[in-house]
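Colleague: I would like to go through this chain with you. Could we take it in short questions?

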Amino acid sequence: MVKIKSAWGKKRVTSVLFLDIEGAFPNTVTDRLIHNLKKRRILTKYIKFIKQLLQGWKTRLKFDDFISKYINITNSIGQGDPISMLLYIIYNVDLLEALRRLDEDAIGYVDDALVVATVKMLKETTRSLKNFMERRDGGFTWAQDHNSNFEISKVMVMHCQPRARKPTDCPNPVLWLRGRVIKEVDSYKYLGVHIDGQLHWRVQENEAMAKATSYIMMFRRLTCTNLGIWPRLMRQLYILVAIPKVTYLLDVWFIPSHKKEGKRNNSSSVRALKSMGKIQRIATRAIMGGLWTSPNDLLDAHARVLPVNLLLECICHLAVVQAATLPKGHPLRSMIWQYSKSPVKTHLPPLQKLVE
């Protein structure tokens with residue numbers, strides 16, 4: 001998002017290619033993983049441990065009355081093992097390092113990867129993405145070397161522009177990969193967050209509020225007069241389950257409504273506050289058994305729950321404090337200090353809005 005906002009400030013456009021790796025963990029080649037560990041200068045004793053952990057596995061097939069002989073497993077990382085996430089990040093890092101050009105970037109977390117191309121026109125971004133995937137040291141070469149094929153039918157492209165495209169505008173260029181048209185989307189769910197091309201976060205907000213409503217309605221069923229759970233337990237469910245589910249990565253898609261003199265509040269913030277206020281009212285009424293006419297501030301006080309505006313503001317404030325206190329080499333810390341000293345004037349990224 002920072003790269004997208006920065007590109008908009010320089011009057012450039014960005015296209016994002018979301019990659020889907022087919023069978024990531026089962027198709028991992030053990031020898032290639034060991035090679036990557038040595039390449040990253042991991043300690044020898046750790047490499048020996050991982051090698052012993054992944055080698056020597058066998059399996060056999062059983063169906064009806066037939067049982068096959070044992071089959072040696074030469075590939076795969078044990079999915080579900082806590083160390084599997086870290087191992088696949090090291091296995092996948094070559095894909096991210098294949099980007100050596102200034103107009104390209106990549107982000108990856110385990111088997112979820114995306115490629116970002118930033119140039120002046122969408123035709124050039126499409127050409128850049130196609131070149132990255134098909135060039136000698138590009139995405140398809142990495143997939144062949146690492147036995148990790150891309151599911152082309154699930155690969156998506158999203159064009160990010162500061163303003164929505166009008167029906168009268170020329171259609172966006174088509175991206176072709178391996179003889180197939182890559183589907184263009186207006187929003188995409190990446191790591192649990194719905195990202196849209198204009199970074200308005202309306203899809204993410206709607207999804208978060210729908211999820212919150214679903215949780216609160218299920219919790220309310222537990223508060224029957226005769227057989228329901230105690231109010232203090234209902235409060236714990238709301239604080240420990242519902243709020244974290246709704247406010248996941250809140251600092252990315254929500255901006256606290258700090259109204260400055262001569263300016264209006266952010267419309268998305270006001271909309272989110274109203275929606276969250278209705279949801280919290282249902283929760284506090286269920287906790288306290290209040291009447292329909294009970295005021296919100298009275299319900300919040302007796303349920304010992306912060307008002308919605310303070311609750312969301314505290315979560316965002318905590319995220320900023322955590323980012324500002326990270327180690328010096330962490331990129332988020334440098335961004336926080338950069339935005340506080342020399343703020344961006346146009347297309348402000350979420351971190352700068354929170355710092356302000």
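Modeller: What follows is a set of questions and answers on a predicted model.

Colleague: How many helices and strands does the chain have?

Modeller: The chain has 356 residues, and buried residues make up 38% of them. Its secondary structure comes to 14 helices and 13 strands.

Colleague: Is Ser15 buried or exposed?

Modeller: Ser15 is part of strand 1, which covers residues 13-20. Its relative accessibility is 0%. The cut-off for buried is under 20%, so Ser15 counts as buried.

Colleague: Which side chains make polar contacts of 2.7 Å with the side chain of Ser15?

Modeller: Leaving aside neighbours within four places in sequence, Ser15 is in contact with residues including Val115, Leu122, Thr125, Met158 and His159. A polar contact needs N or O atoms within 3.5 Å. At 2.7 Å, the side chain of Ser15 has such a contact with Thr125, and another, also of 2.7 Å, with the side chain of His159.

Colleague: Which helix gives the most to the largest nonpolar core?

Modeller: The largest nonpolar core has 50 residues, and Ile216 and Trp253 are among those that touch the most other members. With 7 residues, the main contributor to this core is helix 10 (residues 267-288).

Colleague: Which residues does Ile216 touch, not counting residues up to four places away in sequence?

Modeller: Ile216 belongs to the largest nonpolar core. With those sequence neighbours left out, Ile216 touches Tyr238, Ala242, Ile279, Ile282 and Ala283.

Note on methods
Residues numbered from 1 in each chain as written. Predicted model: local features only at pLDDT ≥ 70, side-chain atom pairs only at ≥ 80, totals over all residues. Heavy atoms only, no water. Core = buried A, V, L, I, M, F, W, Y, C linked by side-chain atoms within 4.5 Å. Buried < 20%, exposed > 50% of the residue type's maximum accessible area, 1.4 Å probe, protein only. Helix = DSSP H or I, 4+ residues; strand = E, 2+ residues; numbered from the N terminus. Contact = heavy atoms within 4.5 Å. Polar contact = N/O pair within 3.5 Å; in protein donor to acceptor, adjacent residues only side chain to side chain.
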